[in-house]
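Visitor: Could you take me closely through the strand pairing in this model, and then on to the helix packing and the charged side chains?

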Amino acid sequence: MIRGFTRKQVNSYTLGEQLKKIRSEGRVTLSEVSRDTKIPMKYLVMIEESEYEKLPPDVYVKGFLRSYGEYLGIEPRKLIELYQRERDIKNNLNPESKPLALQKKSKVTKFVVTPKMITTFIIAVVLIGGFYYIYRQVGRFAAVPRLVVTEPATDQSVDGNSVVISGFTDPDDKLTINGQPVLVSDKGAFRENIILQSGVNPINIEATNNFGKVSSESISITSNYENQKVAEDQNTSEEGRVSGDEDVKTEGVKLEIRVDGLPTWVNISTDGELAYSGTMLPGSNQEFQAASEVRVTSGKANQTFIKVNGGDEKILANDPGIVRDVVFGPND
């Protein structure tokens, strides 16, 4: 059975309740989500149970939420905003640790300094901290995000039909390649495999900070790859075919996949092993071979086209959102 997720609105439930509800409606287990998104199972459980205090730093959590949101067909930005709001509420409702520490410190220090000195010191710290915070915020508002593309160089030619885009940006920035969100590490590094179409491929990389400032880099990659097709096989007529040829089953499975319209994230597994996970550009195509099965997951099913064992090209599904684990075998 083909299962997919359509784009859904975020409701008034907590973040964890909404994710669990949408995942349950799609009859998908946490282990399946972890397998397809590469998010560790324990972090998925913490997110759905709202155990934010046990999660790693925010840059990782934002990456997890982007991947989970894309997987379920939810706008990642709304998930991140809801997570930040719930996390802040939890922090405000749990003032136990820090105030107790400050009270204990005050009890020790007030024996060696006067209350007037403490008051003056606190006022000075608040003023300095306030000026420093304003200075940092003004600086960040005025500055554009850092964006450095380390590879590949622009106007480069490649013989294959894929290229790796990598570089650095600021850890909290939102990064896209041709409009597709890309995960950024806690150090600001990014790396994405892009499937190219034959000929010239314009690629636009954009980094957007929390103030809406944008930095962009545009590169052009020329692919010399040509999808090898045997014209005779396509144009073979019925005449001259030996009786019984139509009953011969193809050994193994060969799948050609093409993306049209917009850049699309796809995940391909052959015989249970991950063969590709990345973004395919419009017009690009790729071939995969397996002994028993090829599984296809697409972020935009209605823009993904497949051809199995040299047959007619067909759309993966009419769903505009994610369709996962569509299985193709030798006899499809």
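Guide: In the pairing of β15 with β16, Ile306 stands opposite Lys314, the latter lying in β16. Strand β15, residues 304–308, runs antiparallel to β16 and is joined to it over two bridges, where strands are said to pair if DSSP finds at least two bridges between them, and where helices (H or I, at least four residues) and strands (E, at least two) are DSSP runs numbered from the N terminus. The model is a predicted one, in which local features need pLDDT of at least 70 and side-chain atom pairs count only at pLDDT 80 or more, while totals for chains, interfaces and linings use all residues. Residues are numbered from 1 along each chain as its sequence is written, and side-chain values use heavy atoms, with hydrogens and water left out.

These two strands belong to an open, antiparallel sheet of four strands, ordered β13-β10-β15-β16. Its edges are taken by β13 (285–290) and β16 (314–315), each of which has a single partner strand, so one side of each is left without a neighbour in the sheet.

Strand β9, residues 214–223, takes part in two pairings of opposite sense: it runs parallel to β3 (residues 156–158), with three bridges between them, and antiparallel to β8 (residues 199–208), with ten. In the parallel pairing Ser157 stands opposite Thr222 of β9, whereas in the antiparallel one Asn204 stands opposite Ser218 of β9. The hairpin of β8 and β9 has five residues between its strands, and Gly212 there takes a positive phi near 85°.

Turning to the helices, α1 and α5 pack with their axes 9 Å apart and at an angle of about 140°, the axes being lines fitted to C-alpha atoms over the stretch in contact and the angles running from 0 to 180 degrees between N-to-C directions. That angle makes α1 oblique to α5, since under 35 degrees counts as roughly parallel, over 145 as roughly antiparallel, 65 to 115 as roughly perpendicular and the rest as oblique. Leu15, Gln18 and Leu19 of α1 meet Leu79, Leu82, Tyr83 and Glu86 of α5, contact meaning heavy atoms within 4.5 Å. The residues of this contact divide into five nonpolar, one polar and one charged, a division that counts Ala, Val, Leu, Ile, Met, Phe, Trp, Tyr, Cys and Pro as nonpolar, Asp, Glu, Lys and Arg as charged, and the others, Gly among them, as polar.

As for the charged side chains, the structure holds 17 salt bridges, each a side-chain nitrogen of Lys or Arg within 4 Å of a carboxyl oxygen of Asp or Glu. One of them joins Glu49 to Lys20, with 3.0 Å from N to O. Glu49 lies in the loop between α3 (41–48) and α4 (58–72), and Lys20 in helix α1 (residues 15–25), so this pair ties together parts that are 29 residues apart in sequence. Glu49 is partly exposed at 42% relative accessibility, as is Lys20 at 30%, the class between buried (under 20% relative accessible area) and exposed (over 50%), with a 1.4 Å probe and protein chains only.

A further salt bridge, 3.1 Å from N to O, is formed by Arg324 and Asp36, and it links strand β17 (residues 322–328), which holds Arg324, to helix α2 (residues 30–37), which holds Asp36, across 288 residues. Both Arg324 and Asp36 are buried, and they belong to a network of salt bridges that also takes in Glu32, Arg35 and Asp325.
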